[in-house]
Structure formats: structure tokens, C-alpha cells
Amino acid sequence: MKIRYLCSLLVLVLLIGIAQPLPTRASTFHYTYTYNIWGVPIPSPDAYRVTAYLLGESLGIGHFHRPQDLFVIGNKIYVADSGNNRVVVIVANEDGTHEVAQVIEHAMLDGAPTTFNFPSGIFVSDWGDIWLSDTDNHRILHVDSYWNVITEIGRPERSQLLPTDDFLPSKLVVDFTGRLFVQVIHVNRGLMEFDRYGEFAVYMGAAPVHVSVIDQFWRRIATQEQRERRQIFIPTEYNSVSIDSEGFLFVTNTNDNVDSVRRLNAMGDDVLIRNGLFYIEGDVVYGDAAGIDGPSQLIDIAPLPNETFIAFDRVRGRLFAYDFQGNLLFVFGGRGAREGFFMEPTAIDNMGYTLFALCAGNNTITRFDLTEYGLAINRGLELYRRGLYEESVFYWQEVLRMNGNFGMAYVGMARAMLRQGYYRDAMRYFRLENDRIGYGRAFGFFRRQWMEDNFWIFALAVGVLVIVPPVVKKVLHVRREIYES
């Protein structure tokens, strides 16, 4: 009877336990990931978080309409609100709030107002001058801080310079000497360079065309008629240009046969370092769903103070962070109509390490600030770049504490150990990330150091081999003479 009672009680307890709802836990949505050494995407802690979501209506100026560009200088954000034919200046306050400082709908040209027509590019210099691509008016306006026109730049007088009759300037930057570099729509010869007086100088940095070996072979054996029918390989136009603190130009291109990102020096040569495990082209692997297909199309670059840079993907609305060696650090963002996601990305710029991303589909500006995890990554990279290798180790250890799957932290530790002469430790960290090139380099230094530290062993061995045999031979000879005498 007692056994039956205990069994019934046990069954009742189990049934009550099953009937109880499972405890719920608030889910945190993480949209940050990176790739491991096999090219498999793995989730990671958020390196950036959304701290502000700026709408024209919430700023009191009415909705933005298809904004195409923004430029950040100091604590001001200049927005080319293209569809509304205006420029909006927003101030970012220290308390994290934002307010509109100016709304400019025209400039003053020869004492009379001149309105904008779909302005799609803007640049502000350190000395306060502003350059605006007034695209559908086929001109570039160089104005002072009061929006008085200094120079109006139109189509170059030599008509053969442009492949079409329309001069459609878009994104533009100015270097510290006053040279103007413009990405012009339908121009595939590179950037158009103008001098400080607005005179056209030269095309620079045209994207090289990569032709496969097979295409070169068939072109050589093809007849003239077959060559005329074959696809023509010509340079493609850039879709953005930005400038870093050292005066190098970052340009992007969405053509499959051209590098997605290039970093141009004053001669137009590409000097971008590509030592990363994966090529600088966005997603390593990608799927095709919900009407979104094809590889990433990087359409703008934000160079950060520690020589890392953020690339903006137009296809899936993602942001890709790369370090100064071309290593992919993390990916975040996505496609959608909510905070941190984008429908039609158009531009990105930074205020220090804070990012401002512009979306023409959602008509919004999204502000991203570093998390503790992202701050540790950038701080480690910054210290390493400055040669403070021992100090950078602390931040890499912090990164690994928060994310043991972050391979670049192992590489950062290995680099720091290598620079400090701890070659065995560097080999261990390189091996953890399967970095064969780094491991081989560390092993070479370790082998040389071991040889230097243990040279006396080889010297002693050589000495023994050289000296002992003659001595033994001499001793034996003397003993033989003694016995024979």
C-alpha cells in the first residue's frame, strides 16, 4: 500500500512539473558575426550598438527624402538631403542628443540665390570651405562657410574628356593642398581631379581590368570576326570616394572583375594592404533569399583613426570592419526597416570611432557607438600600430575574455609577442589561429635565436671533433714508441 502511494505521489509531481511553464529569458538579438579560418560565419558579441536613430521629422525639419551623402567634421554632420534639394547641418551634442543647426536650400552666386537640384555629394574642409555636388544642375559648387559661391565648376571645356554629354558629379573629397577629386557618374576613367582653382587637371586611379588566362588565350586564337563579337573588357566607374587622415583616397567598385576597395596614393596607385585571410570584398559566403542575391557590393568607406576602416554593403545593408592589414574584424547590420538595419544604404562617415550610416530607403541616419568589446578591439589595434606591443596585450586578453572565437585577438597577441622577442609564445598563438605565414615567420626568428643561444654547443662539438682525434692519435703514437723502446 505504501509503495503504491509513493508511486502515485511521484507521478503527480512529474505531471505538475510538466504542466509548469518553462522559465522564459529575455532574448538579446545579436546581429554581429565574423568568419573562422574555414570561412564559416560565427556569431560574436556586438562591437557596435545603435545609440541614435535620426529621422527628419523627429528633428523638426520634415522627412528626409532619398539622402545620398553625409560628411562629419567636428561635432557637425552635413547631410545632402538630395530628394528635398537641401543640405541639413546637424549638431551632435556631448549628452548624445542631436539638433539641427542649419537647413540650406540655396547658395549665393553673384549676389543672387541659386537653388540645388539633387545634391548627392558634400565635403567640408578643415578651414571651413564646402564643396557640393549639385548633380542634376551639372555642376560643383565651392562655397564659403556662409554659402557664398567661391567657384562654380561645370563641365570641362574639352568635351572629349567625358564619355557622355552630361556632367553628373557625385561623391567628392578635397585633400590638404586643395585638390578636388570627384567621382562622376558614367565616367570609367577613374576620378576627375581639379586643381584649387576649379580647373580640370587629369583623370587619376582608373580601375584596372582583370582578364582571365582563359579569356586571353581564346582572344589570341580567335578570328577578327569572333573578337568583335566577344565581350569587351573596359574599366568600370567608381561609386564612392573618401579620404583618410594621411591623404590617401579610398574608392569602391561593385564590378566583379575589379577590386571592391582600393586605396590610392597621390599617383593613383593602389596601396591597400591585403594580408588578411579573406579578400576585402564583404561577405565570404552568402545566400540568395527574399529577393536578395549575389555578392556584397561595397559602396562607401569610413576610415577610422587607427587606420582600420568600415565598408558599407548595399546588397544586405551590412558593415564590414577591416584592420590596417586587411583582416576582417567583424560584421554587423543587415537589411530591414528597423534600428541598425538598412533598406538602401548610401553613405557612411565617422566621428572618431562613432559611425553615422545614411539610408535612402528608410530616409534615416543611424548612429553606432562602440561597445566594451569593440572598444577593446580598436584600442588593441591602435596600441599595436603605435608600437606599444606590451600594452596591446592587455586589450587582446580582454577581447578573448569576451569572445574566445575572435581569431584576430590571437593574431594580435602573436604579433605583440613576436615584436617583443617571445617567439615561442608567438608560435603558439599563430598556431591557434592556423596562421601559417605568421607561424613560419615566428619559427624562423625562434630558430635563429636558438642557434645564437646554443652556438657554444656546436662550437664545442666541432672543437671536440677537430682537436680530440689528433690528440688521441698523438697519445697512442707516444705510447707505442714507449712500449717499443
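Trainee: In which helix do Glu 398 and Arg 401 both lie, and how many residues apart are they?

Mentor: In this predicted model, Glu 398 and Arg 401 are about one turn of the helix apart. Their closest N and O atoms are 2.9 Å apart, and the two residues form a salt bridge. They lie 3 residues apart in helix 5 (residues 389-402).

Trainee: Is Glu 398 buried, partly exposed or exposed?

Mentor: Its partner Arg 401 is exposed, with a relative accessible area of 53%. For Glu 398 the relative accessibility is 21%. Because buried requires a value under 20% and exposed a value over 50%, Glu 398 counts as partly exposed.

Trainee: Which residues do salt bridges with shared partners join into one network?

Mentor: Side chains of opposite charge can pair when their charged atoms come close. Where salt bridges share partners, they join one network of Asp 259, Arg 262, Asp 270 and Arg 274.

Trainee: With which residue does Glu 382 meet in a salt bridge?

Mentor: The partner lies 3 residues from Glu 382 in helix 4 (residues 372-385), a separation of about one helical turn. The N to O distance of this salt bridge is 3.6 Å. The partner is partly exposed, with a relative accessible area of 29%, and its name is Arg 379.

Trainee: What is the relative accessible area of Asp 134?

Mentor: Asp 134 forms a salt bridge with Arg 139, with 2.9 Å between the closest N and O atoms. Arg 139 is buried, at a relative accessible area of 7%. Asp 134 is buried as well, and its relative accessible area is 0%.

Trainee: How many salt bridges does the count come to?

Mentor: Each requires a side-chain nitrogen of Lys or Arg within 4 Å of a carboxyl oxygen of Asp or Glu. By this rule the total is 19 salt bridges.

Key: Residues are numbered from 1 along each chain as its sequence is written. This is a predicted model: local features need pLDDT of at least 70, side-chain atom pairs count only at pLDDT 80 or more; totals for chains, interfaces and linings use all residues. Side-chain values use heavy atoms; hydrogens and water are left out. Buried means under 20% relative accessible area, exposed over 50%, partly exposed in between (1.4 Å probe, protein chains only). Helices (H or I, at least four residues) and strands (E, at least two) are DSSP runs, numbered from the N terminus.
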